[in-house]
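New to this one? Here's a quick briefing to read alongside the model.

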Amino acid sequence: MDRIDIKSLTFEELSEQIHAMELPAYRAGQICQWLHEKQAVSFDEMTNLPAALRSRLEERFELVVLKPVEVKISAIDGTRKYLFALPDGNVIESVLMRYKHGNSVCISSQVGCRMGCRFCASTLDGLARNLRPSEMLEQVYRIGRDTGERVSNVVVMGSGEPLDNYDNLLRFIRLLTDERGLNISQRNITVSTCGLVPQMLKLAEEDLQITLALSLHASSDATRRQLMPVAKRYPLSEVLDACHTYFAKTGRRMTFEYSLVRGVNDSMEEAGALARLLKDQHGHVNLIPVNPIKERDFVQSERKTVEAFKNQLEKSGINVTIRREMGRDIHGACGQLRRSYLMS
Ligand code: SAH
């Protein structure tokens with residue numbers, strides 16, 4: 001029988017397991033502290049448990065721990081890009097970004113991705129599998145341990161479509177924000193989606209205070225379909241309705257991500273259409289000059305085009321930021337570190 005993934009259990013579930021093993025209830029608290037606060041890498045590290053109990057735990061449970069295969073550190077701003085090995089040998093990427101307001105970790109939610117966005121490296125080989133809650137948590141835990149610094153923000157913007165791994169994502173968020181664990185504020189968590197409408201509407205009902213980011217990337221269905229196959233399933237009107245609902249139900253303002261691709265979605269007409277599209281929305285636009293990948297011939301918009309696009313939106317009263325490029329020297333677009341590792 002497969003061992004139970006202990007780090008993906010809620011405290012209540014862990015307590016039930018402890019009860020089923022006929023152990024005193026306080027053991028659940030001790031084990032939980034080792035797992036989520038001290039972030040132990042083995043049961044043997046749990047020194048306030050008797051040795052016999054540690055071997056029983058080993059037999060019954062799997063302790064998921066990620067192993068760094070490669071760490072790249074930016075000489076410019078201290079950004080760190082990690083390549084982690086999962087227990088089954090698959091590899092994923094995570095990034096630590098250092099800001100004035102604290103440390104932010106960008107995690108992957110799947111191994112690969114099946115959404116097929118044309119400019120994205122993560123999706124080139126399709127989806128290998130979903131990540132378990134423990135494997136999402138571990139990205140944050142290992143980076144915190146490695147740097148010895150507190151992680152205050154988590155963005156689910158690495159490889160994968162988080163809402164395509166919905167139940168594991170929700171469990172991950174609950175564990176990450178649990179006061180028995182890292183106790184990260186829900187408001188400091190952002191989940192980015194390519195726009196899976198049914199899951200967005202479901203998320204709006206979860207009574208969470210997380211930020212939802214929508215990857216918009218176009219102001220017309222025709223252009224969006226060219227860049228993102230998912231747009232064939234959900235037209236902009238439905239996706240933007242879902243954003244309205246998310247704000248109405250949660251009071252959380254949306255983030256609209258817009259990757260600028262030269263000659264594809266960066267004209268002033270697109271900017272005007274985008275302003276009209278978003279005029280009744282609550283949220284802001286984050287412009288990202290597209291990060292070229294060698295498998296496609298997309299080119300970044302020129303700096304002056306990015307500025308003009310921003311000004312055009314601002315003239316219409318839309319809040320806009322241009323994403324600051326972090327770790328330029330180690331960058332490579334999303335999913336490229338993993339890909340270069342797999343190809344070598
Ligand atoms: N699947 C989710 C989250 C992962 S990608 C989503 O689609 O939102 C995080 C963001 O980076 C998305 O907005 C995605 O469209 C964007 N992105 C991916 N590859 C990119 C690239 N090469 N250049 C610029 N943005 C990219």
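**Getting started: helix α4**

With 15 residues at 1.5 Å a residue, α4 should span 21 Å, and the 22 Å between its end C-alpha atoms agrees with that. Keep in mind that this is a predicted model. From α4, the tour goes on to two helix pairs, the sheet, and a couple of single residues.

**More on α4**

- Of the 15 residues in α4, 13 are buried, so the helix is largely enclosed by the rest of the structure.
- Right behind α4 comes Gly 148, which has a positive phi, near 70°.

**Helix α2 and its neighbours**

- The same kind of length check works for α2 (residues 26-37): its twelve residues at 1.5 Å each should span 16 Å, and the end C-alpha atoms are indeed 16 Å apart.
- The buried residues of α2 are Arg 27, Ala 28, Gln 30, Ile 31, Cys 32, Trp 34, Leu 35 and His 36.
- What lies over those buried residues? The cover includes α1 (11-20), α3 (51-60), α4 (133-147) and α5 (166-176).
- Take α1 as one example: α1 and α2 pack at about 130°, with 9 Å between their axes.
- An angle like that makes α1 oblique to α2.
- As for handedness, α1 and α2 make a right-handed crossing.
- On the α1 side, Phe 11, Leu 14, Ser 15 and Ile 18 do the meeting, and they face Arg 27, Ala 28, Gly 29, Ile 31 and Cys 32 of α2.
- Once α2 ends, Gln 39 adopts a positive phi of about 55°.

**The ten-stranded sheet**

- Ten strands make up an open sheet with mixed pairing, and their order is β3-β4-β5-β6-β9-β10-β11-β12-β13-β14.
- The edges belong to β3 (67-73) and β14 (319-322): each has a single partner strand, so one side of each has no neighbour in the sheet.
- Ignoring direction, neighbouring strands in this sheet are turned by 25° against each other on average.
- Helix α10 (residues 303-315) packs on the sheet and touches β12 (254-260), β13 (283-289) and β14, with its direction at about 165° to that of β14.
- Elsewhere in the sheet, β6 (residues 102-106) and β9 (residues 151-156) pair in the parallel sense over four bridges.
- Within that pairing, Asn 103 has Val 151 in β9 as its bridge partner.

**Strand β4 and its two hairpins**

- Is β4 (residues 80-85) enclosed or open? Six of its six residues are buried, so β4 is largely enclosed by the rest of the structure.
- Both of its faces are covered, with Arg 80, Tyr 82 and Phe 84 buried on one side and Lys 81, Leu 83 and Ala 85 buried on the other.
- β3 and β4 run antiparallel and are joined by six bridges.
- Lys 72, for instance, has Lys 81 in β4 as its bridge partner.
- Six residues sit between the strands in the β3 and β4 hairpin, where Gly 78 takes a positive phi near 80°.
- β4 also pairs with β5 (residues 91-99), again in the antiparallel sense and over six bridges.
- Here Arg 80 is matched with Leu 96 in β5 as its bridge partner.
- The hairpin of β4 and β5 has five residues between the strands, and Gly 89 takes a positive phi near 95° there.

**The α9 and α10 pair**

- Helix α9 (residues 268-278) packs with α10 at about 30°, and their axes are 9 Å apart.
- That angle makes α9 roughly parallel to α10.
- The crossing where α9 passes α10 is right-handed.
- Contributing to the contact are Met 268, Glu 270, Ala 271, Gly 272, Leu 274 and Ala 275 from α9, along with Thr 305, Ala 308, Phe 309, Gln 312 and Leu 313 from α10.

**Two residues to look up**

- Thr 255 is in strand β12, and its relative accessible area of 10% makes it buried.
- Leaving out residues up to four places away in sequence, Thr 255 touches Thr 211, Leu 212, Ala 213, Leu 214, His 284 and Asn 286.
- Ser 159 lies in the loop between β9 and α5, and is buried, with a relative accessible area of 7%.
- Which residues does Ser 159 touch, not counting those up to four places away in sequence? They are Ser 108, Ser 109, Gln 110, Gly 112, Ser 122 and Gly 335.

How values were computed
Residues numbered from 1 in each chain as written. Predicted model: local features only at pLDDT ≥ 70, side-chain atom pairs only at ≥ 80, totals over all residues. Heavy atoms only, no water. Expected span 1.5 Å × (residues − 1). Buried < 20%, exposed > 50% of the residue type's maximum accessible area, 1.4 Å probe, protein only. Contact = heavy atoms within 4.5 Å. Pairing = 2+ DSSP bridges. Axes fitted to C-alpha atoms, helices over the stretch in contact; angles between N-to-C directions. Parallel < 35°, antiparallel > 145°, perpendicular 65-115°, else oblique. Left-handed = near helix turned anticlockwise from the far one by under 90°.
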